[in-house]
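Hi,

Here is the structure I promised to pass on. Have a look at it first, and then read my notes underneath.

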Amino acid sequence: MAIVPVVRGLYVCERVDGDPVSKNLTLHNCFRGFRLSALPGTPRPFFVVAYLANGLGPLSIRTTISSPITPTVVFSHLAEITAPDRLTEVRFVLQVFCRFPTAGSYDISLEVNGELIALSPFRVNLMEAREP
């Protein structure tokens with residue numbers, strides 16, 4: 001029987017480095033929004049990182065990026081992981097490639113086995129044009 005974990009943290013960042021000895025993660029340039037030069041636009045790939053605790057067994061993690069105002073889903077990914085026991089913290093790292101149709105607010109959500117466990121808002125803005 002699977003037990004849905006709780007989220008200790010949900011982060012969005014430009015780069016993730018992992019230490020092979022300690023298994024620690026280093027998150028670089030965490031952010032809550034970014035600017036695009038044109039819309040629709042594709043930002044550089046970024047990472048969604050979640051620290052999951054108290055879970056057990058097989059877990060289906062759906063990561064979704066969507067607009068809270070319109071039903072527009074710009075990214076969706078399903079991953080399968082296993083939490084070996086309730087004392088082991090599981091670190092979920094996903095690289096995201098997506099295209100944003102408009103500027104505005106978006107939500108990153110994590111669902112585990114169909115249950116929403118995390119929701120994090122961020123903004124996409126259009127860069128202002130500079131005059132020559």
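Below is what turned up, starting with the charged side chains.

A word on the basics: this is a predicted model, where local features need pLDDT of at least 70, side-chain atom pairs count only at pLDDT 80 or more, and totals for chains, interfaces and linings use all residues. Residues are numbered from 1 along each chain as its sequence is written, and side-chain values use heavy atoms, with hydrogens and water left out.

So how many salt bridges does a search of the whole structure find? It comes up with four, counting a side-chain nitrogen of Lys or Arg within 4 Å of a carboxyl oxygen of Asp or Glu.

One of them pairs Glu89 with Arg8, with 3.1 Å between the closest N and O atoms. Glu89 sits in the loop between β6 (73-83) and β7 (90-96) while Arg8 is in strand β1 (residues 6-18), so this pair ties together parts that are 81 residues apart in sequence. (Strands here are DSSP runs of E, at least two residues, numbered from the N terminus.) Arg8 is exposed, at 57% relative accessible area, and Glu89 is partly exposed at 26%. For those words, buried is under 20% relative accessible area, exposed is over 50%, and partly exposed is in between, using a 1.4 Å probe and protein chains only.

Glu89 also forms a salt bridge with Arg91, whose closest N and O atoms are 3.2 Å apart. Through shared partners, Arg8, Glu89 and Arg91 join into one network. Arg91 is partly exposed, at 33% relative accessibility.

Another salt bridge links Asp17 and Arg15, at 2.9 Å between the closest N and O atoms. Both ends count as partly exposed: Asp17 at 32% and Arg15 at 43%.

Now for a charged residue without a partner. Asp107, in strand β8 (residues 104-112), is buried yet has no salt bridge; Arg32, the nearest side chain of opposite charge, is 9.3 Å away. (Lys and Arg count as positive, Asp and Glu as negative; His and the chain ends are not counted.) Beyond its neighbours within four places in sequence, Asp107 has contacts (heavy atoms within 4.5 Å) that include Thr64, Ser66, Leu119 and Pro121.

Lastly, take a look at Ala83 in strand β6. Ala83 is buried, with 2% relative accessibility. Setting aside neighbours within four places in sequence, Ala83 touches Gly55, Leu56, Gly57, Leu59 and Val90. Pro40, 43 residues from Ala83 in sequence, is 38 Å from it in space, C-alpha to C-alpha.

Cheers

How values were computed: Helices (H or I, at least four residues) and strands (E, at least two) are DSSP runs, numbered from the N terminus.
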